[in-house]
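Colleague: Could you walk me through this one? I have a few questions once it is on the screen.

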Amino acid sequence: MGASDRSGPEFADHRDGEHSFDALLAADERIEPRDQMPDGYRRGLVRQMAQHAHSEIIGMQPEANWITRAPSLRRKAILMAKVQDEAGHGLYLYAAAETLGVSRADLLDQLHAGTQKYSSIFNYPTLTWADVGAIGWLVDGAAITNQVPLCRCSYGPYARAMVRICKEESFHQRQGFDLLLTLTRGTPRQREMSQDAVDRWWYPSLAMFGPPDGRSTHGEQSARWGIKRFSNDELRQRFVDMTVPQAAVLGVTIPDPQLRWNPERGHHDFTEPDYDELFRVISGAGPCNRQRMEHRRRAHDEGAWVREAALAYAARQSETAVSAAAAGDARRGSAA
Ligand SMILES: [Fe+2]
Ligand SMILES: [Fe+2]
């Protein structure tokens with residue numbers, strides 16, 4: 001049995017709780033919410049998990065934009081399922097972050113106030129139907145590359161949430177590939193539209209892995225704490241190597257004249273994305289930053305009645321449960 005097999009809830013339940021944080025990390029075992037952990041570890045995880053959760057729900061917007069214009073009922077159903085999956089991913093991640101002592105409401109407030117970030121990729125517009133395919137293939141593809149190693153990250157609730165998320169992400173990536181394949185086998189106009197979408201999404205997808213290792217602020221500490229298993233540049237390279245043969249099957253050209261197989265390295269050489277653009281978009285100057293945040297705040301305000309109704313219902317349910325328990329006690333008392 002590998003270390004990762006011992007990370008399930010059964011194992012957590014039987015552990016004596018006396019292991020120190022460092023001993024758990026050294027043994028490649030999972031840290032659980034009740035374990036002692038350094039403040040920096042907790043804060044870093046909250047930051048990363050919140051940013052991840054925010055990205056899932058903001059990421060619903062660019063594609064939801066195409067639900068009403070999907071070209072067939074089948075494509076509409078698939079796209080709706082995908083967008084709903086992203087809402088679910090946000091939910092798993094907010095719930096996992098709550099095990100660290102923060103509240104989902106507070107995290108959402110921080111997103112709305114702009115004090116927590118989301119992935120800069122969602123600040124680019126979706127101009128044509130082919131963008132839905134390019135997002136699934138490239139953006140979800142990059143997300144999987146980033147997220148599969150997180151299934152083994154040191155914090156148990158995050159690792160377990162990622163297992164389920166990754167299964168769904170791989171469906172997302174395949175639906176994007178399938179959509180693009182249909183278009184690239186279609187009319188010349190459809191092929192042109194696919195190529196245009198790939199041209200626009202390629203470099204932003206490469207930028208999803210974050211700044212190069214030399215400019216990454218959280219990388220080293222994250223690696224020491226077993227949160228990040230591979231560096232930004234390693235993951236970016238893995239994504240390029242995985243995607244190049246898929247582009248050949250699709251018959252689209254990756255918009256990088258420097259892209260070629262390097263037999264000495266055993267990897268593809270490629271042009272790095274424009275990291276200055278990445279930093280501009282992160283700091284709010286992307287094409288859609290304002291639109292995404294305005295939409296998010298409006299959706300949150302318009303959903304206030306749903307949250308109130310859910311809380312009122314939950315309160316009623318627990319009142320009913322308490323009075324049923326009291327009635328049960330009274331009956332048992334009189335029977336005695
Ligand atoms: Fe997702
Ligand atoms: Fe996804």
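Modeller: Start with helix H8, residues 156-184: Glu-169 and His-172 sit three residues apart in it, so about one helical turn separates them. Bear in mind that this is a predicted model.

Colleague: Are those two buried or exposed?

Modeller: Glu-169 is buried, and His-172 is buried too.

Colleague: Which residues act as protein donors to the iron ion (ligand 2)?

Modeller: Glu-86 (OE), Asp-140 (OD), Glu-169 (OE) and His-172 (ND1), lying 2.0 to 2.2 Å from the iron ion (ligand 2). Along the chain these donors follow the spacing E-x53-D-x28-E-x2-H.

Colleague: And why is the arrangement around the iron ion (ligand 2) called irregular?

Modeller: Because the four donor atoms subtend angles of 84 to 157°. To count as tetrahedral, four donors need all angles between 85 and 135 degrees.

Colleague: What about the iron ion (ligand 1), which residues are its protein donors?

Modeller: Glu-56 (OE), Glu-86 (OE), His-89 (ND1) and Glu-169 (OE), again lying 2.0 to 2.2 Å from the ion. The spacing for the iron ion (ligand 1) reads E-x29-E-x2-H-x79-E. Its four donor atoms subtend angles of 86 to 143°, so this arrangement is irregular as well.

Colleague: Glu-86 turned up twice. How far apart are the two iron ions that Glu-86 bridges?

Modeller: The iron ion (ligand 1) and the iron ion (ligand 2) lie 3.4 Å apart, with Glu-86 as a bridge.

Colleague: Where does Glu-86 sit relative to His-89?

Modeller: Both are in helix H5, residues 73-98, and because they are three residues apart there, about one helical turn lies between them. Glu-86 has a relative accessible area of 6%, so it is buried. For His-89 the relative accessible area is 0%, which also means buried.

Colleague: Back to H8. I was looking at Gln-173; is it buried or exposed?

Modeller: Gln-173, which lies in helix H8, has 12% relative accessibility and therefore counts as buried. The cut-off for buried is under 20%.

Colleague: What does the side chain of Gln-173 have a polar atom 3.4 Å from?

Modeller: The backbone oxygen of Trp-137. Beyond its neighbours within four places in sequence, Gln-173 is in contact with Gly-136, Trp-137, Asp-140, Gly-141, Ile-144, Met-242 and Gln-246. Asp-140 is also one of the donors of the iron ion (ligand 2).

Colleague: Different topic. Which residues touch the most other members in the largest nonpolar core?

Modeller: That core has 75 residues, and the ones touching the most other members are Tyr-41, Trp-129, Trp-137, Tyr-155, Tyr-158 and Trp-201. Several helices each supply at least two residues of this core, among them helix H3 (39-58), H5, helix H7 (129-147) and H8. H8 gives the most, with eleven residues.

Colleague: Take Tyr-155, then. What is it in contact with, leaving aside neighbours within four places in sequence?

Modeller: Its contacts include Ile-31, Pro-33, Met-37, Tyr-41, Leu-45, Met-49, Ala-96 and Leu-100. Glu-32 and Thr-99 are also in contact with Tyr-155.

Colleague: And the overall picture? How many helices and strands are there?

Modeller: The protein chain has 14 helices and two strands. Its C-alpha trace spans about 85 × 50 × 35 Å along the principal axes. Of its 336 residues, 47% count as buried.

Colleague: What share of the contacts with a separation of 6 or more comes from residues 24 or more positions apart?

Modeller: 77% in the protein chain.

Colleague: Last one: how much area does the protein chain expose?

Modeller: About 17,200 Å², of which carbon and sulfur atoms supply 56%.

Definitions and conventions. Residues are numbered from 1 along each chain as its sequence is written. Chains are lettered from A and ligands numbered from 1 in the order in which they are written. This is a predicted model: local features need pLDDT of at least 70, side-chain atom pairs count only at pLDDT 80 or more; totals for chains, interfaces and linings use all residues. Side-chain values use heavy atoms; hydrogens and water are left out. Donors are N, O and S atoms within 2.8 Å of the metal (3.2 Å for Na, K and Ca); water is not among the atoms, so sites may look incomplete. Four donors count as tetrahedral if all angles lie between 85 and 135 degrees; four count as square planar and six as octahedral if opposite donors are over 155 degrees apart and all others between 65 and 115; anything else is irregular. Helices (H or I, at least four residues) and strands (E, at least two) are DSSP runs, numbered from the N terminus. Buried means under 20% relative accessible area, exposed over 50%, partly exposed in between (1.4 Å probe, protein chains only). A polar contact is a pair of N or O atoms within 3.5 Å; within protein, one must be able to donate a hydrogen and the other to accept it, and residues adjacent in sequence count only if both atoms are side-chain atoms. Contact means heavy atoms within 4.5 Å. Accessible areas come from the Shrake-Rupley method with a 1.4 Å probe; for residues, only the protein chains shown count as cover. A nonpolar core is a set of buried Ala, Val, Leu, Ile, Met, Phe, Trp, Tyr and Cys residues joined through side-chain atoms within 4.5 Å.
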